[in-house]
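Me: Please take a close look at one part of this structure and tell me how its surroundings are built. Please be careful about what can be read from the coordinates and what cannot.

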Amino acid sequence: MNASTAVGGLPYVLNASLLNAPPDVDLEGVQRFVKVHYGIVGHVQPLAGERDRTFHISGQKGIDYVFKVAHPDEDPETTNLQIEVLLFLASTARWLPTQRVIPCLDGRHEARFPLSNGGSSSARLVSFIPGDLLRFSKHSSKQRRNVGRLCAELALALREFDHPATRQKLAWDISQAGHLRPLIAEIAREPGRRAQLSRCLDNFDERVEPTLSKLRTQAIHNDFNRNNVIVSAEDNDKIVAIIDFGDMVRTALVNDVAIGAANQLTEADSLLDGSFEFIAGYHQVTPLIDDEIALMHDLISVRVAMSILITEWRASQFPERRDHILRNTPANWARLDRLSAISRNQTTAALRRVCSHNG
């Protein structure tokens with residue numbers, strides 16, 4: 001796959017919501033807005049986010065909510081997708097732990113939030129599900145398997161979901177990895193690092209993409225990371241919420257598995273043990289086929305490389321948020337180094353054994 005570029009030599013998959021800073025939104029404005037449009041009075045606290053402005057609303061009636069103001073440069077269809085998928089899951093898969101969309105007083109599911117520059121952006125309110133981020137929880141084999149099973153159950157529920165925005169080209173879609181090649185020169189100053197990232201993308205273009213394009217596809221969550229899964233504060237093995245459908249895309253189903261597995265890489269001697277436990281849980285619900293197993297080492301590696309490329313580049317664009325954007329990057333460089341030292345055949349053989357014992 002050749003690296004297509006847009007204006008200024010940047011990959012076309014880097015849409016405007018990644019290229020530009022999120023909107024300025026003040027807390028008092030949010031308080032007024034939720035009172036007028038939702039009839040809710042409460043305390044407002046900002047939450048971290050990549051593209052949107054997100055807030056925790058502690059309602060006076062003891063009910064909490066999450067309020068999101070979309071990036072003004074985000075395609076309206078992408079914003080609508082995040083609402084429609086929650087409505088779809090609430091209707092067809094109520095047992096899944098996802099947030100519920102809260103309608104405005106007039107029955108609409110989104111409203112226009114006024115911005116300080118005179119413009120406006122789409123805003124929505126969803127339910128708040130208490131718990132601990134997976135990232136900060138106590139990890140265990142049971143937890144990793146439960147996360148893998150839930151990822152598979154969500155994908156099963158999404159098989160029949162369709163929306164025009166899932167067909168957009170997305171920077172975080174592993175299938176689009178080859179288009180990120182121009183970023184290497186932008187962010188990797190050391191020749192050794194540039195060569196390492198280039199090898200990873202070369203391998204993707206030459207070995208992975210030709211097979212990946214032939215595998216089963218559907219709409220997937222596409223971001224099953226430790227910041228998008230919430231566990232019970234009392235029992236960290238129990239998953240209570242899947243959040244943030246902002247990177248949903250129609251792509252190879254195995255990409256969803258690889259993303260979840262990449263986010264379970266451990267700092268222990270056995271780098272892939274956590275990933276294998278996640279995959280074992282997934283495989284118990286939706287068995288992987290052999291072509292998917294054979295690509296897993298490369299898919300995990302390219303996902304880690306993509307995380308480095310996109311976050312390093314975004315940090316260069318938004319230096320005031322550099323520390324937050326790069327909070328995981330040193331660990332990802334270390335993971336890529338360790339993955340590069342592991343034989344693909346070794347990973348594939350081990351994963352085939354895992355899947356054969358968990359089918």
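Reply: Asp-244 is found in the loop between strand S10 (239–242) and strand S11 (249–252), where strands (E, at least two residues) and helices (H or I, at least four) are DSSP runs numbered from the N terminus. Its phi is near 60°, a positive value in a residue other than glycine, and with a relative accessible area of 34% Asp-244 is partly exposed (buried means under 20%, exposed over 50% and partly exposed in between, with a 1.4 Å probe and protein chains only). This is a predicted model, in which local features need pLDDT of at least 70 and side-chain atom pairs count only at pLDDT 80 or more, whereas totals for chains, interfaces and linings use all residues. Residues are numbered from 1 along each chain as its sequence is written, and side-chain values use heavy atoms, with hydrogens and water left out.

Another non-glycine residue with a positive phi is Asn-222, at a value near 75°. Asn-222 is found in the loop between strand S8 (217–220) and strand S9 (229–231), and at 0% relative accessibility Asn-222 counts as buried.

Helix H7 (residues 253–262) is the next element to consider, and Asn-255 lies in it. Ten of the ten residues of H7 are buried, so H7 is largely enclosed by the rest of the structure. Those buried residues include Leu-253, Val-254, Asp-256 and Ile-259, and what covers them includes S8 and S11, together with helix H4 (141–157), H6, helix H8 (273–285) and H9. Asn-255 itself is buried, with a relative accessible area of 0%; leaving aside residues up to four places away in sequence, Asn-255 touches Asp-173, Ile-174, Ser-175, Leu-212, Ile-220 and Leu-299, where contact means heavy atoms within 4.5 Å. By way of contrast with these contacts, the C-alpha atoms of Asn-255 and Ser-120, 135 residues apart along the chain, are separated by 34 Å.

Within H4, Ala-157 can be examined in the same manner. At 16% relative accessibility Ala-157 counts as buried, and its contacts, not counting residues up to four places away in sequence, are with Phe-88, Leu-89, Ala-93 and Leu-96. The C-alpha atoms of Ala-157 and Lys-61, 96 residues apart along the chain, are separated by 33 Å.

In helix H9 (residues 290–317) one finds Asp-298, which counts as buried at 7% relative accessibility. A polar contact of 2.5 Å joins its side chain to that of Arg-207 (a pair of N or O atoms within 3.5 Å, of which, within protein, one must be able to donate a hydrogen and the other to accept it, residues adjacent in sequence counting only if both atoms are side-chain atoms). Asp-298 also touches Asn-203, Val-208 and Arg-344, again not counting residues up to four places away in sequence.

Asp-298 is, moreover, one of the residues nearest the centre of the second largest pocket, along with Cys-200, Asn-203, Ser-301 and Ser-340, in a lining of 15 residues. On a 1 Å grid over the protein atoms alone, a pocket is an open set of points with protein on both sides within 12 Å along at least five of seven lines, a cavity is a set where a 1.4 Å probe fits but cannot get out, and lining residues have an atom within 4 Å of a point. The pocket holds about 300 Å³ of space, a volume being the space filled by probe spheres set on grid points that are joined across faces, edges and corners. Helix H6 (191–212), H9 and helix H11 (329–340) each supply at least two lining residues, and the largest share, six residues, comes from H6. The lining divides into seven nonpolar, five polar and three charged residues (Ala, Val, Leu, Ile, Met, Phe, Trp, Tyr, Cys and Pro are nonpolar, Asp, Glu, Lys and Arg charged, and the others, Gly among them, polar).

As for enclosed space, the count comes to one cavity of 30 Å³ or more, and the largest cavity contains about 30 Å³. Its lining includes Leu-134, Val-147, Asn-225, Gly-260 and Phe-278, and divides into five nonpolar, four polar and one charged residue.

Finally, the mean pLDDT of the chain, the predictor's confidence in each residue from 0 to 100, is 93, and 95% of residues reach 70 or more. Over residues 1–8, however, the pLDDT is below 50, although this stretch has 20 contacts in the model beyond near neighbours in sequence. Where pLDDT is low, the predicted coordinates should not be read in detail.
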